[in-house]
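User: Hey, I've just been handed this one and I'm new to it. Can you walk me through how it packs?
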Amino acid sequence: MLDDTDRRLLRQLQAEPTLTAAELAQRAGVSALKATRRLGRLQEQGILKGQHAVIDWAALGYAVGVSLRITLDKTQVRAFDEFMEAARGIAEVTEIQTFLGRVDVRLSVIARDMAHYQQIYRDQILALPHIADIEALMTVATLLNDESLPL
């Protein structure tokens, strides 16, 4: 699926995503035209989904991070869909993951402080439909946050 040229381009892009196409091509040892074509093909194939900003939420005043593990009431036919639709509407929810097993959904929530988190929890999280059980895990420290793959 990926050849050595693709891997070199992706390695360089992971290491420094702000590189121009010409800089990326030079570091990967290919022409700028070839790099541009390859990157376009990787995007078309859904391998390269684009670039995004990595925001330091703490620097913006969001000091609290909580991971909520939620089990849904699966006796309701549309429980999952209705829960997801409502959860997507909470601005402080930064990530939603689904699981197989006892826990159905994990929400990552950010807040300015504990009072703000309590407000979000009481007013918005507990108002989400079809929650059967919920467990909150407070983030103490993030020791590794690396989405790079060994290419």
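User: How are α2 and α3 set relative to each other?
Analyst: α2 and α3 are roughly perpendicular to each other, where angles under 35 degrees count as roughly parallel, over 145 as roughly antiparallel, 65 to 115 as roughly perpendicular and the rest as oblique. The axes of α2 (residues 21-28) and α3 (residues 32-44) cross at roughly 100 degrees and come within 8 Å. Axes here are lines fitted to C-alpha atoms, for helices over the stretch in contact, with angles from 0 to 180 degrees between N-to-C directions. Helices (H or I, at least four residues) and strands (E, at least two) are DSSP runs, numbered from the N terminus.
User: Which residues of α2 and α3 meet?
Analyst: Ala-21, Ala-22, Leu-24 and Ala-25 of α2 meet Ala-32, Ala-35, Thr-36 and Leu-39 of α3, with contact meaning heavy atoms within 4.5 Å. By class, that contact of α2 with α3 has seven nonpolar, one polar and no charged residues. For the classes, Ala, Val, Leu, Ile, Met, Phe, Trp, Tyr, Cys and Pro count as nonpolar, Asp, Glu, Lys and Arg as charged, and the others, Gly among them, as polar.
User: Hang on, where does this model come from, and how do I read the numbering?
Analyst: This is a predicted model: local features need pLDDT of at least 70, side-chain atom pairs count only at pLDDT 80 or more, and totals for chains, interfaces and linings use all residues. Residues are numbered from 1 along each chain as its sequence is written, and side-chain values use heavy atoms, leaving out hydrogens and water.
User: Cool. At what angle do α1 and α3 pack?
Analyst: About 85 degrees, with the axes of α1 and α3 10 Å apart. That makes α1 roughly perpendicular to α3. On the α1 side the contact is made by Thr-5, Asp-6, Leu-9, Leu-10 and Leu-13, and on the α3 side by Lys-34, Ala-35, Arg-38, Leu-39, Arg-41 and Leu-42. Those residues divide into six nonpolar, one polar and four charged.
User: And how do α1 and α2 cross?
Analyst: The axes of α1 (residues 4-15) and α2 cross at roughly 120 degrees and come within 9 Å, and α1 and α2 are therefore oblique to each other. Arg-8, Leu-9, Gln-12 and Leu-13 of α1 make the contact with Leu-24, Arg-27 and Ala-28 of α2. That contact has four nonpolar, one polar and two charged residues.
User: Switching topic: how many residues are in the largest nonpolar core?
Analyst: It has 18 residues, and those with the most contacts inside it are Leu-68, Phe-83, Leu-107, Val-109 and Ile-125. A nonpolar core is a set of buried Ala, Val, Leu, Ile, Met, Phe, Trp, Tyr and Cys residues joined through side-chain atoms within 4.5 Å. Buried means under 20% relative accessible area, exposed over 50%, partly exposed in between (1.4 Å probe, protein chains only).
User: Which elements supply this core?
Analyst: β1 (64-72), α4 (79-87), β3 (105-111) and α5 (114-125) each supply at least two residues of this core. β1 gives the most, with five residues. Apart from that core lies another, of twelve residues, among them Leu-13, Leu-24, Ala-25 and Leu-48.
User: Is Ala-132 buried or exposed?
Analyst: Ala-132 is exposed, at 52% relative accessible area. Ala-132 is found in strand β4 and touches Thr-71, Leu-72 and Asp-73, not counting residues up to four places away in sequence.
User: What about Leu-137?
Analyst: Leu-137 counts as partly exposed, with 34% relative accessibility. Its place is in β4 (residues 131-138) too.
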